[in-house]
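Reader: I would like to go through the helix packing in this model step by step, with the reasoning behind each reply. Could we begin with a contact between two helices?

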Amino acid sequence: MATGRTHRTATRSRGIPEATVARLPLYLRALTGLSERSVPTVSSEELAAAAGVNSAKLRKDFSYLGSYGTRGVGYDVEYLVYQISRELGLTQDWPVVIVGIGNLGAALANYGGFASRGFRVAALIDADPDMAGKPVAGIPVQHSDDLERIIADNGVSIGVIATPAGAAQPVCERLVAAGVTSILNFAPTVLTVPDGVDVRKVDLSIELQILAFHEQRKAGEVADAAAAAAEALADGTAPVVAATVRGGSGGRGKGPDGDVPAVMPA
């Protein structure tokens, strides 16, 4: 079986933009859902909505793959699943090591989605000697002293770092020296790597802080609107909004249907 060490996709050589590469997993997730429901074809509009992008961007992204769909029919779901999987390198086995088996590392080890997406957790590594030999998700934890041997024995080129911040850079350097060329970093720190090594950072606290910013902004907009309304009422410039009343006495101010206008000047 092929491993990540011996294969590279042609994505970069074919000139696919990084922004498009970042959206391919979104398309694949949506397409996989359609495939599981035995949906044979999908329009660009439907797939774009499922992936959370606009249809023009989706069609542009697929043009880099050489896939244009069929007018009036749409895209063949199974073929697109294969095409995107091949482009992302998911039609082979990618052995992965997870370093740092605390709460987060253990949760990652127990994640069931790796295998179905072309990744195999080859080893779990931790610096705590008391963890050595303990099974997590059915895989015995190995001590970090053996990291280099583990990388070589399993032909690993993708490493996941789930250590505390202070340990992340030394672990990263050992992984790179052992031959790992792609790293997924969950540690709350920025890693320094040489050219040729790709790092993707996942920082949950940063994402939460961004959401907090948006919540604060929304709350501020509501407060500003309430303050403006109160000020308008105080200086008598606000309109008086009344419910529509049918058949008012005398018919004064009625509209063509005999209704009192809903909004009347103060």
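Reader: Which residues of H7 meet which residues of H8, and how many of the residues in this contact are charged?

Author: In this predicted model, the H7 side of the contact is made by Leu147, Glu148 and Ile151, which meet Arg174, Leu175 and Ala178 in H8. Sorted by character, the residues of the contact of H7 with H8 comprise 4 nonpolar and no polar ones, and those that are charged number 2.

Reader: How are the axes of H7 and H8 oriented to each other, and what is the handedness of the crossing?

Author: Two packed helices are described by the angle between their axes and the distance between the axes. For helix H7 (residues 147-154) and helix H8 (residues 165-178), the axes come within 9 Å and cross at roughly 40°. Because of that angle, H7 counts as oblique to H8, and the crossing in which H7 passes H8 is right-handed.

Reader: Why do the buried residues of H2 lie on the same side of the helix, and which residues are exposed on the other side?

Author: The buried residues of helix H2 (residues 44-51) are Ser44, Leu47, Ala48 and Ala51. They cover an arc of only 100° around the axis, and therefore they lie on the same side of H2. On the other side of H2, the exposed residues are Glu46, Ala49 and Ala50.

Reader: What do the buried residues of H2 pack against, and which glycine just after H2 takes a positive phi?

Author: The partners of the buried residues of H2 include three helices by name, H1 (18-36), H3 (55-64) and H4 (77-87), along with strands E1 (41-42) and E2 (75-76). Just after H2, a positive phi of about 80° is taken by glycine 52.

Definitions and conventions:
Residues are numbered from 1 along each chain as its sequence is written. This is a predicted model: local features need pLDDT of at least 70, side-chain atom pairs count only at pLDDT 80 or more; totals for chains, interfaces and linings use all residues. Side-chain values use heavy atoms; hydrogens and water are left out. Axes are lines fitted to C-alpha atoms, for helices over the stretch in contact, and angles run from 0 to 180 degrees between N-to-C directions. Helices (H or I, at least four residues) and strands (E, at least two) are DSSP runs, numbered from the N terminus. Angles under 35 degrees count as roughly parallel, over 145 as roughly antiparallel, 65 to 115 as roughly perpendicular and the rest as oblique. A crossing is left-handed if the near helix is turned anticlockwise from the far one by less than a right angle, and right-handed if clockwise. Contact means heavy atoms within 4.5 Å. Ala, Val, Leu, Ile, Met, Phe, Trp, Tyr, Cys and Pro count as nonpolar, Asp, Glu, Lys and Arg as charged, and the others, Gly among them, as polar. Buried means under 20% relative accessible area, exposed over 50%, partly exposed in between (1.4 Å probe, protein chains only). The arc is that of the directions from the helix axis to the C-beta atoms.
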